[in-house]
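This report looks at the backbone geometry of a few loop residues and at enclosed space inside the protein.

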Amino acid sequence: MHTNITSYIFVLMKLTEYFVPTLKEEPADSVIPSHKLMVRAGMIRQLTAGVYSYLPLGLKVFKKIENIVREEMNAIGGNEFYLPALSPNELWHQTGRLEDYGDDIFRIKNRELVLAPTHEEVFTSIAKPNLISYKDLPKIWYQIQTKFRNEARPRGGVLRGRQFTMKDAYSFDATWEGLDESYNKNDKAYRNIFTRSGLKFFVVSAFSGAMGGSKSEEFMVETEAGEDNVALSEDNSYASNVEVAVSYCETVARKNSNLSLEEFHTPDIKTIDELAGFLGITDKSRLAKSRVFVIPGKEEKDNKYVEVLVCGDDEVNETKLHNIFSGIRAAHPDELSEITGADAGSIGPVGVEGKLKVIADLRLKEADELISGANKNDYHVKNIDLKRDVPGIEYFDIRTVKEGELTLDKNSKLRITKAIEVGHIFKLGTKYAEALGAKYLDKEGKEQVIIMGSYGIGIERIAAAYIEQNYDKDGIIWSGEISPFHVQLICVNTKLENVKQKADSIYNDFIKLGIEVLYDDRGDISPGFKFKDADLLGMPLHVIVSEKNLKNDEVEVKIRRTGERMKIPLAEINSKIPELLKNIN
RNA sequence: CGGGGUGUGGCUCAGCCCGGUUAGAGCGCCUGGUUCGGGACCAGGAGGUCGGAAGUUCGAAUCUUCUCACCCCGACCA
């Protein structure tokens with residue numbers, strides 16, 4: 001499938017022979033800049049929701065990214081595979097993921113097959129009969145392949161599609177120390193890949209969610225188009241997905257006034273804000289927000305219920321909650337009133353023992369004089385002392401961090417921003433090897449389960465993320481290794497014999513120099529049109545050959561990113577252009 | 001899955017509320033000519049079952065119902 005990589009890289013092209021359908025107007029179906037620009041620059045076209053055709057220019061960029069990925073994976077000893085996208089339902093059933101993935105997996109209607117969204121199972125099925133001795137380990141196996149996910153809502157063009165290219169790698173180790181090593185190798189490869197791709201990225205620790213396993217880190221690119229909220233410290237010492245981020249936060253101080261509980265009437269008060277307004281106070285930290293969650297049992301009667309308390313100015317972080325109680329979900333409104341006797345807005349921690357387990361955020365650990373719902377509609381209770389009034393209460397970190405809070409070491413402030421995930425590395429552990437029975441014999445001849453890691457990169461996402469970080473009002477701004485071409489050579493007037501001849505000869509010189517050049521040799525197109533197209537396509541350097549410059553034995557060169565222009569004598573082109581390119585990249 | 005929106009030549013859209021000749025514009029495309037350093041100009045031309053189905057009506061792009069597709073926000077999810 002990917003036999004001759006260099007053939008993609010050293011393709012030299014004349015625009016008269018190349019299919020690059022640029023668009024002057026913005027496509028109606030796109031919203032984010034990278035999507036608009038990839039369509040306008042003739043890189044991609046949508047076929048149906050979340051599914052894109054890759055046109056020659058887009059494919060060239062994707063192949064360059066793949067090549068970087070391939071080089072870096074090979075550099076850490078990775079073996080490249082190419083596995084089928086079709087795989088039997090049975091294999092997925094064995095690990096329980098046929099069920100776990102649910103509607104997100106594409107199923108073939110007339111065979112018991114799925115279109116694979118990832119390849120842990122298939123790789124493990126190859127490992128099982130072949131990696132059977134400690135001598136066979138460790139291994140890093142990977143592929144660059146099309147993945148299929150039935151995304152509920154594809155968006156952002158190629159940023160979240162139903163069909164996309166992924167580099168997925170898997171490590172197989174005999175020991176946990178070995179897994180650490182494999183993980184670190186992949187981590188290093190990833191840093192190289194994203195650096196070479198020209199991305200400004202950062203790494204966050206992340207909850208591994210449906211994948212199972214322990215440690216996992218995401219490689220993120222900051223962009224407005226991102227789908228994840230991340231907390232970054234201003235000194236760059238801390239980066240974390242908001243789902244798991246922590247901050248330094250003052251606890252609610254204990255007053256030790258020992259006032260007794262007091263119920264009071266709060267007609268139609270449903271929210272913390274309304275309650276604060278009703279009481280005429282601005283500090284909401286003592287208005288304890290109560291939310292009820294359910295841990296579903298085998299049958300409904302086995303359900304367990306948890307009341308979660310956070311400060312009124314905080315939000316419950318459901319991911320953190322999941323990490324404490326797996327399978328937990330928010331209670332439905334009817335469940336709420338059934339369990340507590342009140343509707344949302346009037347629920348509180350007092351008098352619920354036996355019915356509900358109560359947990360509270362760490363900020364509330366010492367708190368007294370709290371106000372919360374009375375478990376009776378339109379009533380609240382004041383002077384709640386959690387230690388005194390809520391027997392069996394436990395404390396966890398279950399709040400969501402907020403912009404401007406201090407890092408745990410108090411050295412820096414957090415800001416919350418949006419980012420797109422371009423890569424993810426996991427320490428999977430033994431989940432898949434266990435489920436599929438992939439074992440090896442150790443030195444003592446004892447059977448052991450293979451320990452796995454899993455490492456993914458979205459190829460098209462890298463391109464889209466790059467564009468999100470590198471564009472202006474005129475178009476894309478390419479630079480570095482993933483730029484489809486180094487130079488766009490513009491022949492301003494193809495009708496003038498001497499201009500055309502000179503441009504042709506420069507084109508041929510560039511080929512000899514190994515410069516990748518996109519040559520705009522189109523006739524019947526006005527100079528302005530060519531300049532606009534060149535800006536849209538965004539090659540790092542534009543070399544402009546025109547009659548007026550040739551009179552002085554010069555060409556004009558424009559640096560796309562800065563707009564800087566300069567004249568270069570014809571005699572110096574072959575030395576100057578490579579030099580300029582070096583400085584840009 | 002919940003909410004909102006949009007489907008009219010290749011592209012971007014107007015027309016629809018308030019039904020009435022051959023359904024429009026700009027861009028693109030074809031022919032000829034003039035242009036040629038920031039998406040040129042003139043003249044001529046091709047191209048549309050108005051997403052689909054059913055209905056109301058003398059008459060439907062326009063009204064009604066159903067349906068399909070796509071986009072956005074959210075939910076969900078790597």
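Helices and strands are DSSP runs, numbered from the N terminus, with at least four residues for a helix (H or I) and at least two for a strand (E). On that numbering, asparagine 258 is found in the loop between β13 (239-241) and β14 (262-265), in what is a predicted model.

Most residues other than glycine have a negative phi, and most peptide bonds are trans. Asparagine 258 has a positive phi, near 55 degrees, and lysine 410, in the loop between β21 (394-396) and β22 (414-429), likewise has a positive value, near 65 degrees. Asparagine 258 counts as exposed because its relative accessibility of 59% passes the cut-off of over 50%, whereas lysine 410, at 47%, counts as partly exposed.

| Residue | Phi | Relative accessibility |
|---|---|---|
| Asparagine 258 | near 55 degrees | 59% |
| Lysine 410 | near 65 degrees | 47% |

The peptide bond that joins leucine 137 to proline 138 is cis, with omega near 0 degrees, and proline 138 lies in the loop between α6 (120-130) and β8 (139-148).

Turning to enclosed space, the count comes to one cavity of 30 Å³ or more, and the largest cavity holds about 40 Å³. Asn258 belongs to the lining of the largest cavity, together with Ser257, Leu259, Asp368, Glu369, Asn383, Asp385 and Arg388. By residue class, this lining divides into four charged, three polar and one nonpolar.

Conventions: Residues are numbered from 1 along each chain as its sequence is written. Chains are lettered from A and ligands numbered from 1 in the order in which they are written. This is a predicted model: local features need pLDDT of at least 70, side-chain atom pairs count only at pLDDT 80 or more; totals for chains, interfaces and linings use all residues. Side-chain values use heavy atoms; hydrogens and water are left out. Buried means under 20% relative accessible area, exposed over 50%, partly exposed in between (1.4 Å probe, protein chains only). On a 1 Å grid over the protein atoms alone, a cavity is a set of points where a 1.4 Å probe fits but cannot get out, and a pocket is an open set with protein on both sides within 12 Å along at least five of seven lines; lining residues have an atom within 4 Å of a point. Grid points are joined across faces, edges and corners, and a volume is the space filled by probe spheres set on the points. Ala, Val, Leu, Ile, Met, Phe, Trp, Tyr, Cys and Pro count as nonpolar, Asp, Glu, Lys and Arg as charged, and the others, Gly among them, as polar.
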